[in-house]
Each structure stands twice: as C-alpha cells, then as structure tokens.
2 protein chains.
Amino acid sequence: MHLVAIGGSDAGISAALRARELDPTVDVTVVVADAYPNYSICGIPYYFSGDVHPWQSLAHRTHADLEATGMQLRLDTLATEIDVASRRLGVVDATGRPSVIRYDELIVGTGALPQHAGIVGLDDLGPADGVHVLHSMGDTFALDDDLIRREPRTAIIIGAGYVGLEMAEGFSGRGIHVTQLQRGPEVLSTLDPELSSIVRAELVAHGIDVHTGTTVRAVEKTAGGLAVHAEQEGRAVIHSAELVLVVVGVRPNTALLEQAGAALGAGRAVVVDEWMRTGIPHVFAAGDGVVTHHRLLGVTYLPLGTTAHKQGRIAGENALGGSARFAGSVGTQVVKVFDTVAARTGLRDHEAAAAGFAPRTVESAADDHKRYYPGAQPIGFRITGDHQTGRLLGAQLVGRLGTETAKRVDTYATALFAGLTVDQVSDLDLSYTPPLGSPWDAVQNATQAWSRARSPLTVTI
Amino acid sequence: MHLVAIGGSDAGISAALRARELDPTVDVTVVVADAYPNYSICGIPYYFSGDVHPWQSLAHRTHADLEATGMQLRLDTLATEIDVASRRLGVVDATGRPSVIRYDELIVGTGALPQHAGIVGLDDLGPADGVHVLHSMGDTFALDDDLIRREPRTAIIIGAGYVGLEMAEGFSGRGIHVTQLQRGPEVLSTLDPELSSIVRAELVAHGIDVHTGTTVRAVEKTAGGLAVHAEQEGRAVIHSAELVLVVVGVRPNTALLEQAGAALGAGRAVVVDEWMRTGIPHVFAAGDGVVTHHRLLGVTYLPLGTTAHKQGRIAGENALGGSARFAGSVGTQVVKVFDTVAARTGLRDHEAAAAGFAPRTVESAADDHKRYYPGAQPIGFRITGDHQTGRLLGAQLVGRLGTETAKRVDTYATALFAGLTVDQVSDLDLSYTPPLGSPWDAVQNATQAWSRARSPLTVTI
C-alpha cells in the first residue's frame, strides 16, 4: 500500500500524519512543491513583526520530526499530472527532470494561490520591483530580502483582510509607514462594519493610513518607487510607496485535479464529499483547494487552516479504508490586530438571509469581567439568530487583547455546531469568577439582548 | 398581584428583576436580611486583596438601581414564618418588631450558611476573638474591622476551596502570613490532585504555608492569639496565628421552608422541580438553599452563583404564570489563584462512576497558542469520557492567567450541555490565530489524547 499526498501544507501533512498514525505499515510519500513542508503560513506575519525568529521556528514540525513518523518527503517536487487509470502521478523535480510516482491512494492538498483581483500590472511586477504577495515561504524570503536590501520606509498594503491587517501591524512594528487600501466600506470585511470599525480605529491609532472604499486598478513602477492607481468614491487617486504588498485573498489551486477530471463547485474549488472523496477513483482531496461543507450553509468555499487540518486528517484516514466524515465548518475565525481581537463564527445577517434563514442581528456590549475588579473592558457583540425558530445563526465579537474574546467565540461555535437556539446559549452553565467573567457571561448578556429584541418584554405574559 | 422574594443575594434579586422586567405592573417586594441587597459575595476576597474599593462597588446594582426597576426593598428584615394557607409572610425588622407581608406568590432565596464542619470552639468564638467566617457583607465588615484594629501579621485559613484560596491571595497581598489547612490530600478538592497540585505550587511560590491532609478538630483562644488543633497523618498538630478564617463550605439555609412543609433532598437542600416549584402552593425557591438539577447527575446539591442567577430568573418568570424551565447545571467552576487559573466542568472520574457511567480520564497538556509566538504556556487538561459510549463527561483545566483557560472550559461546558461525544469536541470549528490558539485548539488536543487512549491507534484499520 502506497499512499501519496500532494502538498506540504496543512491538508497534505495532516493526511500523511494521520495515515502513519493509523497504520505504521503503510508507505506514505508527500510531494512538496518547495523545501518547506509543514510551515505555519498563518505565522508568517509574525516573522515580519519580529515576534518569531528565526524563520525556521514557523515549522509546525521539523523535517526530522516528519521523517521520524516514517513518511517520505519529496521536496522541491511539483506534481504535474495524475494518470487516473494507471494510478501514476507525474512530477518534476527542481532541475526540471520529470518522473513518475505510483500510488494506491492519492490525496491532493494543493491549496490555494494568491489572487490578483484583476489589478493591472501585477502579472509583470514582482519582488525585484518591490511588489509582493505572501502565500508561501518563497514569498516570505523574497519579501524579507527586499526589506533587508532596500530598507523601504513606506509600504502600501492592498487588502485589509486577516493577512493584510497582520502585515500592517508587522510593517508598522519595523518602522515602515503603512498605507492600507481596502475595496469594501470597512476593513475586515468578514465582520459587520459596526464592529470592524473598531479594528479600523485600532489601525489608525497605531499610525496606519487606512483608505476604505478604494478599488485598486493598477500598480505601476515609477522613477521614485511604486504607484498604486485606485478609485475612491468615483475619484481617481494615486498612492505611492517604496513597497507594495498585495493580499486580496486566494483562489483554489485546482489545475492538477481539473486535468484529472475533477468537478469544480462553490468558489471554483474542487468538489469533494464529506469523506473528502473527489469522485475520481482512489483520489481524495482536502484543504484550501476544495469546497467546504458548512453546517449552516451546506456546501460553500471557505479556505481556513483549521478546516484544512481537519479535512486532511479525514482524507488520510479514509484513504486507508476508513469512513471518517468531515463534521462541517461553521466559519469560525479570529484575528489579532495590535491590541484588538476580532472574531466571528456562523453567519452574518445577509449571509443567513441568502441561505434561507429569517435572521435578525442584535448588537450589544458587555464587560469581559466584573467591573469592580480591575481591568474590565467591554466586548462588542453582534448576535444573529433566526427570529422564527430562535436558532443561533452567528456571532461576531470585538474586544481588547486579554478579554478572552478569542475563546469566547468558541462557545458560540460549539453552540452552532450543536444547533442550539439563542435562548439555549443563555441557559449554558459557563464559568464565572469575578476577575474573568460575570454570573451571566458576556456571551450570555449578548444572547439575552437578542432575545429581548426578538420578543419585547413589556408585554404581560 | 404581589410577588414577594426573600433574599437579597443572587436568587432573590434575579427573581425580582425578572418579574419586573416581564410585567412592570406587578408589585414586587424583596425582603432582605441585611442592608446590602445584590452584593457580589464572590467579590469579597477582592475587597480584602485591595483590588476592589470602596466596598460599595461590590454591589451588582446600587440600591437606587434596584428601586428604579420598581421593586420595593425591605432591608434589615428577617423572614421568620410562612403561613401557607393565608399566604402571609411573617417578618421582624431590625428592632425586633414583627409584622406580616401578604403575598400572592412567594420566592424563597435564603441561600446558604457557612459550615462549621464540627470544629470545636466555633460556636463560641467570633469576630471579637479574631475568628471569622465570610459569607455576608456583615462578615466582611467584621473581618475588615478586625484587620484594621489589630493589624494581625499571621492568619490561619481553614479550608482550601475557592474562597479559601482567594482569601489566601488576599491576605498575602496585605502582607499577612497565611497558613492554609486543608482536610483533603490536596488543595481545591473539586479538581483531581494531579492538577490541583499545580495550584498548591502556586500558593507555595507566593509564600503560603499549605498543610493538606490536616483535619481541624478545635479552635481555641490562647494568651498569645489563637490555636488551631488539628490532626495530620495521625499526629496531633497545633498551628497558631493572630486570626483564623473558617471557609469550609456552606450548608443550605432551609429553616424557613422546612417550617412551611418543604421536603429536603440532596445535600439537605429544599427539593424543587425544574420550574423552581417547592410543591407548596404559591411558593417557589431558588439558589443555594435548593437542590440543583444537573444534566449529567440528575438531582444533586451544587451551590453556585451562576446557578442561583438562572434559577432566580426562572422562579421570577414562573411566579408570574410562566413556564420557564431550569436547563440544568453541568457544574462549571473556575478560580484564579495568584497567576494560576483552575477550571472544571462536568464530572470527575469517581463522580461519573458513582453516577453509573463508564468513565475514563486522560491527562494531557497543550500550549495555549503556537509556541513560535511569544508567551505560549502549557495548559494542563484532564478529560473524562465514557469509554463505552464515547460521551464527554467532564474536563478539568489548569493554566496561567492569560491563557484563556477560563473561557476554554466553556467550550467543554457547552459540549456537555449539548451531549456531545469526546470525538465531537475534536470536530468543533474553534477559532485560531497563532497568538491565541492552534489549528487544533488546546481543548481539542486534550480530547484527541483521550480518544487515542480509548482506542489505541497502532491497530491497522
């Protein structure tokens, strides 16, 4: 039995680890396009901020750790073609020399690629010009080299999603002045603007020059550096800087599986079922390249590292004949931006409406712990529930670092997983001690606010 | 309609607030034994530590806040007798003058009283002798007066539960040397010794003199102060100090309801159903004086402020004709001891076995966030699950302050509420960003350790 996994990131490595864990007799080969298997891509911004050093510590496991599990790593090896009928994988090594790897079961975890969002100039400009993306260790080294070589004092970050915000913090910490350009009306478009505006204020307080409602049209090299041509409220604007970082999201990297006959679905990602089967015999797929089963939405595309780990683990088990099933995402996400933490899980109002729910969203705020104990700080909440069924549909939270906001969202995530109603969150038996909570925890204060708005209480029962 | 609530603490005030919230036309009177309604008894240790000042800020709501809701407060008024047939409550005021309050519906929230645990001398010694309990604002003032008047440099705390540990920290912060005596084999007997020993180490690191396995027999006033006679490993020992604080738990305060004909159940607390009905016509009860419906154990006695708030709220709604039902406790508790946080929810191994489950408990540790990001610290876990059904039965966690341990226990509490299996906790979509978590959160690392121990993976599937 020879199991081959393609991809050295979360899905591929998780699959290989799970297979070796379940059956140490199975031969496992992981085909990795670069020389950096099992690196924490989510950690790259913290290398640039200086929190992480050396860069090698970004590895979840070292090369030696991985080989100690008994898996074989084929580094600097690009998978080029799947021969489904004969179960052979075509690859080329770093020198361009092609070869073939026979497999019994194949797991594809080729992930995603940075988007360019139709911005003119990005196809021709690269690290040598001071224009960067940030999706691999190769990108990391290129950016790092550029920062060391040119010591730019100004940077434009196109995009204000998770990586964009983390990189704004990272550049800022190095003394680089950051201009952040965001197409949407507010930074962090995964949250409602009422809460993401708090994140924007945190950026501004740290000297980031934030421009929302700004659609970037082109990036151009000029005599003095780089010019970013954009449109803001119908006006043409030009921002200039010595360096440009483009972090406007990702698209699934599906070429290999498409060639093998896989179908594309939501977000033009490869269709898989909950067992991570592609429908192609002996070929599983997992991670940022495939669709996501979502407990509230059904099938969608929502690339997240946590999901890739889970899907990879399931693919690894099922490739050995198991029957593990991906339990589904609820879209839980969190980001730290300077001293602010923003989290969400489940659906926002418009997402829930589009999915056929009858959503109502109620905003509230509650202290992270009893006000009489020093250091209490408010957490802002937006709770979305179905006003017909009472079912919890989603929660958004923004609080200061130290308010346990990141793990408070997990209470809602768990409630969503279990299909609880908003009222049932108020019934939960949550922990309380005055320095760390309240008798009704802040998360319950928020659900009670929702319930009051749904059924005004002034009516006599 | 006249609703009368007895008790100025969590249950009584929650009931009154809920009734006024639901129907502002209903007359609500709260009979409060002292002059301090709606004080946070859980916060008292932080008054002594100096974190909270003045003592008035311990009030969840001020007297004016409460009256603004439209409820009437009868302070310094002791309820002495319930005349069930005529629906009249006998009370005496601070001068000893008796009177009668007519009610349509009555909610009894008389709470609990400090235990003396059979220690000889406690019936005769009190604050004037330097011997204290700590269960009311009156106790707080007595202790505070004593500390100011005598400035003791040494104290013995009998008991090492939540209040005992918090008071050890409080006294220690004031420069008082603390000797802590605990009957059980380890401090914080609500956790397994493997984890509570971490709490003990934290106490010792802060100069607390901890003596476990020490059964106190008597407290005696001596020429030089106070002597505590105890037995440790079969030997008689005497500890001396200028002040003694006895915090060895509580017993339900049931006299009033017993006289009215209520039945006593678990822990000799008043029997109530999930609607907080006592069985006595028009008499509800809630809080530390009544039994607790527990989602895993059935009916037990587990006095907690969080539960009292929930039960009071339900009693207040049902007294107005509602049909709210207490969803049940899962026994979630947390305490901060210096810089350590210890939490639990659900059942420990022996509790689960006694309740008819087939428990297995597995210990593990995982970092609160990715190790490459500064400040990662391990959290210790003990997960209890049913090895036949796979159901999650309980979780215990100990971590440093700042590791979000208090809100991580809530994920398990929510999973317990929903009846999830241990494996399903591993399936949860929990939040991740490198400074605050891991792709598999620490709580999932712990459940995966349990699953591995249950079904050793070396077997080929």
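**Exercise 1. A bridge between two domains**

With which residue does Arg382(A) form a salt bridge, and how far apart are the closest N and O atoms? Keep in mind that you are working with a predicted model.

*Solution.* Begin with the domains. Chain A is assigned domain 1 (2–111 + 252–319), domain 2 (127–246) and domain 3 (333–454). Residue 382 belongs to the range of domain 3, and residue 192 to the range of domain 2. Next, look for the partner: Arg382(A) pairs with Asp192(A), with 2.7 Å between the closest N and O atoms. The cut-off for a salt bridge is 4 Å, and the rule finds 5 salt bridges across the interface of domain 2 and domain 3 of chain A.

**Exercise 2. Describe the contact between domain 2 and domain 3 of chain A**

How many residues of domain 2 of chain A are in contact with domain 3 of chain A, and which element of domain 2 gives the most to that side?

*Solution.* Work from the whole to the parts.

- Step 1, the distance: the C-alpha centres of domain 2 and domain 3 of chain A are 30 Å apart.
- Step 2, the residues: 20 residues of domain 2 of chain A touch 21 residues of domain 3 of chain A.
- Step 3, the area: about 1,700 Å² is buried between these two domains of chain A, and carbon and sulfur atoms give 61% of that.
- Step 4, the polar pairs: 13 residue pairs are in polar contact across this interface, both residues being at pLDDT 80 or more.
- Step 5, the elements: on the domain 2 side of chain A, α5 (162–173) and α6 (193–205) are the elements that give two or more residues. Of these, α6(A) gives the most, with 7 residues.
- Step 6, the classes: this side of domain 2 of chain A has 11 nonpolar, 4 polar and 5 charged residues.

**Exercise 3. Put the two chains together**

What area do chain B and chain A bury between them, and how many salt bridges does the rule find across their interface?

*Solution.* First, count the residues: the contact takes 73 from chain B and 74 from chain A. Then take the area, which is about 6,400 Å², with 62% of it on carbon and sulfur atoms.

Now turn to the pairs. The rule finds 4 salt bridges across the interface of chain B and chain A. To see a salt bridge between the chains, find Lys407(A) and Asp441(B), whose side chains meet at 2.7 Å, N to O. There are also 26 residue pairs in polar contact between chain B and chain A, with both residues at pLDDT 80 or more.

Finally, look at the chain B side. Among the elements that give two or more residues to this side are α1 (10–22), α8 (305–319) and α12 (442–454) of chain B. The largest share, 12 residues, comes from α10(B). By class, the chain B side has 34 nonpolar, 21 polar and 18 charged residues.

**Exercise 4. Find the symmetry**

What rotation superposes chain B on chain A?

*Solution.* A turn of 180 degrees, with 0.0 Å of shift along its axis, superposes chain B on chain A with an RMSD of 0.0 Å. The two copies are therefore related as by a two-fold rotation axis. Now check the surfaces: 100% of the contact residues of chain B recur in chain A, and the same surface serves both copies.

**Exercise 5. A salt bridge inside a helix**

Why are Arg150(B) and Asp146(B) separated by about one helical turn?

*Solution.* Locate both residues in helix α4 (residues 137–150) of chain B; because they are 4 residues apart there, about one helical turn separates them. Their side chains meet in a salt bridge of 2.6 Å, N to O. Over all chains, the count comes to 44 salt bridges.

**Exercise 6. Look at the backbone**

Is the peptide bond from His53(A) to Pro54(A) cis or trans? And where does Leu188(A) lie?

*Solution.* Most peptide bonds are trans, and most residues other than glycine have a negative phi. The bond from His53(A) to Pro54(A) is cis, with omega near -5 degrees. Pro54(A) sits in the loop between α2 (44–48) and α3 (63–68) of chain A. In chain B, the bond from His53(B) to Pro54(B) is cis too, with omega near -5 degrees.

Now go to Leu188(A), in the loop between β11 (177–181) and α6 of chain A. Although Leu188(A) is not a glycine, its phi is positive, at about 50 degrees.

Notes
Residues numbered from 1 in each chain as written. Chains lettered and ligands numbered in written order. Predicted model: local features only at pLDDT ≥ 70, side-chain atom pairs only at ≥ 80, totals over all residues. Heavy atoms only, no water. Domains from an automatic or database assignment. Contact = heavy atoms within 4.5 Å. Buried area = accessible area lost by both parts, 1.4 Å probe. Polar contact = N/O pair within 3.5 Å; in protein donor to acceptor, adjacent residues only side chain to side chain. Nonpolar A, V, L, I, M, F, W, Y, C, P; charged D, E, K, R; others polar. Least-squares fit on C-alpha atoms with pLDDT ≥ 70 in both.
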